[in-house]
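Here's an informal walk through one protein model, best read with the structure open beside you. Grab a coffee and follow along.

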Amino acid sequence: MKITEVSDGIFRLSANVRDILFEGMWHIPNGVAMNSYIVKGKKCAIIDGVCDWDGVPETLYAQLEQMKIKITDIDYVIVNHMEPDHSGWLRSFREMRGDFTIICSEKAPPLLEAFYGITENIRTVKSGDTLDLGDGRVLAFEDIPNVHWPETMATYDTKSCTLFPCDAFGSFGAVSDDAPYDDTLTEEHIEFFEREMERYYANIVAAFSKPTQDAIKKLGGIEIKCIAPGHGIVWRKDPERVIRSYIRLASYAKGPARPEVTVIWGSMYGMTESAVKPLVQAIEAEGVPTRVHRVPETDMSFILDSVFQSSGVVLGMPTYEYKMFPPMAAAVDEIAKKRIINRKAFRFGSYGWSGGAQRDLEETASRLKMHWDFLEPVEFMGKPTEEDIKLIRERGRQLARAVKEWALEKTSGE
Ligand code: FEO
């Protein structure tokens, strides 16, 4: 990969990572970019690092060489966030040179020691602190806790008005060497990264939507001409666009989200499955789009993305051992942990020897404080009868209408 100039004195170093599970669990079929930034005044700082996955630190070192920057030229390493996808290279960096200063938030040093055994040459900063690099280049720091771990901070270059927010405003998706900026990408490519951003947000940021809203509010008082995140593309033509996207996404956590319905279904012998198509047709006949996922076949990353973006959710599942069909129970648990609350919802499904899925779902939704507004469920013994299918269609239409009305209420309330 090539090093590129973000603006005068600021350079983006990056490595694309593929064929891994992000955080060990999220599928990234389109890869992900790991970004670091060199900021030069009289002194030189590197903001954010990269993981120590095979070949990644070496990619970064090769890019430093392209710039003719020696490791010994770097005075400060600014660690906005301690998750090892950004801090993992510190171990090898420290082995090459022991005396650079790490700048981090007050909550980071215990993690530096626990992850990498680093206890020296650390300077902690808090909101409002600054670091003068010389040549008129002053970096300012702002704590943005829980976006998405507690120690996170953002760095702001007061000279160029560039914000380095690490994970915030990031996205999945490998970035081409030739076009890492919103002003060098086609609209089609920007929309690709916006879609990747939505799944990234649903997977790793959703549970922290309130802290994300707080951080956006906090950063709202500063002039931002460029946003340079730790993942994805750099927004220097229209940074407001990514801020608007994040504001919209953060609002989805408590609903309403898009006027769409996600249908998640699982079936053992095709009995629950036989009601899926009529249900989807009924929802779509009301003009409401659906996103349909089967469990356990669909990866959780995509289910979370859909549910997060939909105001309505249908859960179609049979009873299994007196409880919810296990893959659906796992999905519901994960959705609740991401704090995707306040959805219009409906559940249908079959049972054989006894019921139990419905009771289990109600207990789970209540215990996990999901606040989902469920229509009356439709359960059937064995295969659904024509009457059951008729009722399920009717519930589908009801749900679609409720989702549309909610969207209208939101619009009229704005
Ligand atoms: Fe990109 Fe939270 O690490």
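How many residues apart are Glu196 and Arg199 in helix 5, and what does that come to in helical turns? They are 3 residues apart in helix 5 (residues 187-205), which means a separation of about one helical turn. Before going on, keep in mind that this is a predicted model.

## Salt bridges inside helices

The side chains of Glu196 and Arg199 meet in a salt bridge, at 3.9 Å from N to O. Both Glu196 and Arg199 are buried. As a bit of background, side chains of opposite charge can pair when their charged atoms come close.

Helix 10 (residues 326-337) has a pair of its own: Asp333 and Lys337 sit 4 residues apart there, about one turn of the helix. Their closest N and O atoms are 2.6 Å apart, and the two form a salt bridge. How accessible are the partners? Asp333 counts as partly exposed because its relative accessibility is 23%, while Lys337, at 51%, counts as exposed.

## A salt bridge between separate parts

Now for a pair that isn't within one helix. Arg395 and Glu376 form a salt bridge, with 3.8 Å between the closest N and O atoms. Arg395 belongs to helix 12 (residues 386-413), and Glu376 to the loop between strand 21 (373-374) and strand 22 (378-381), so this pair ties together parts that are 19 residues apart in sequence.

Which partner is buried and which is exposed? Arg395 is the buried one, at 9% relative accessibility. Glu376 is the exposed one, at 56%.

There's also a network: salt bridges link Glu286, Glu394, Arg397, Arg401 and Lys404. Across the whole structure, a search turns up 22 salt bridges.

## The seven-stranded sheet

Over to the strands. One open sheet has 7 strands in the order 1-2-5-6-7-8-9, with mixed pairing. Strand 1 (4-7) and strand 9 (122-125) are at its edges; each has a single partner strand, so one side of each is left without a neighbour in the sheet. On average, and ignoring direction, neighbouring strands of this sheet are turned by 25 degrees against each other.

Within this sheet, strand 5 (residues 32-40) and strand 6 (residues 44-47) run antiparallel and are joined by 4 bridges. If you want a spot to zoom in on, Val39 stands opposite Ala45 in strand 6. Two helices lie across strands here. Helix 1 (residues 56-66) lies across strand 2 (10-17) and strand 5, running at about 150 degrees to strand 2. Helix 4 (residues 109-116) lies across strand 8 (101-105) and strand 9, at about 125 degrees to strand 8.

## The five-stranded sheet

Another open sheet has 5 strands in the order 10-11-12-13-14, again described by mixed pairing. Its edge strands are strand 10 (130-134) and strand 14 (226-227), and each of these pairs on one side only.

How many bridges join strand 12 and strand 13? Strand 12 (residues 153-157) pairs with strand 13 (residues 162-164) over 3 bridges, in the antiparallel sense. Here Tyr156 stands opposite Leu163 in strand 13.

## Two buried residues

Ile224 is found in the loop between helix 6 (209-219) and strand 14. Is Ile224 buried or exposed? Its relative accessibility is 18%, and buried means under 20%, so Ile224 counts as buried. Leaving aside neighbours within four places in sequence, Ile224 is in contact with Cys161, Leu163, Leu219, Pro239 and Ile243. Ala275, by contrast, is 51 residues from Ile224 in sequence and 51 Å from it in space, C-alpha to C-alpha.

Ser245 is in helix 7 (residues 239-252). With a relative accessible area of 8%, Ser245 is buried too. Not counting residues up to four places away in sequence, Ser245 touches Glu194 and Met197.

## A nonpolar patch on the surface

Which residues form a nonpolar patch on the surface? They are Met268, Tyr269, Met271 and Tyr320, with about 420 Å² of accessible area together. Tyr269 lies in the loop between strand 15 (258-265) and helix 8 (276-285). At 71% relative accessibility, Tyr269 counts as exposed.

How values were computed
Residues numbered from 1 in each chain as written. Predicted model: local features only at pLDDT ≥ 70, side-chain atom pairs only at ≥ 80, totals over all residues. Heavy atoms only, no water. Pairing = 2+ DSSP bridges. Axes fitted to C-alpha atoms, helices over the stretch in contact; angles between N-to-C directions. Contact = heavy atoms within 4.5 Å. Patch = residues over 30% accessible without salt bridge, like charges linked within 9 Å, V, L, I, M, F, W, Y side chains within 5 Å. Areas by Shrake-Rupley, 256 points an atom, 1.4 Å probe, with all protein chains shown as cover. Salt bridge = Lys/Arg side-chain N within 4 Å of Asp/Glu carboxyl O. Buried < 20%, exposed > 50% of the residue type's maximum accessible area, 1.4 Å probe, protein only.
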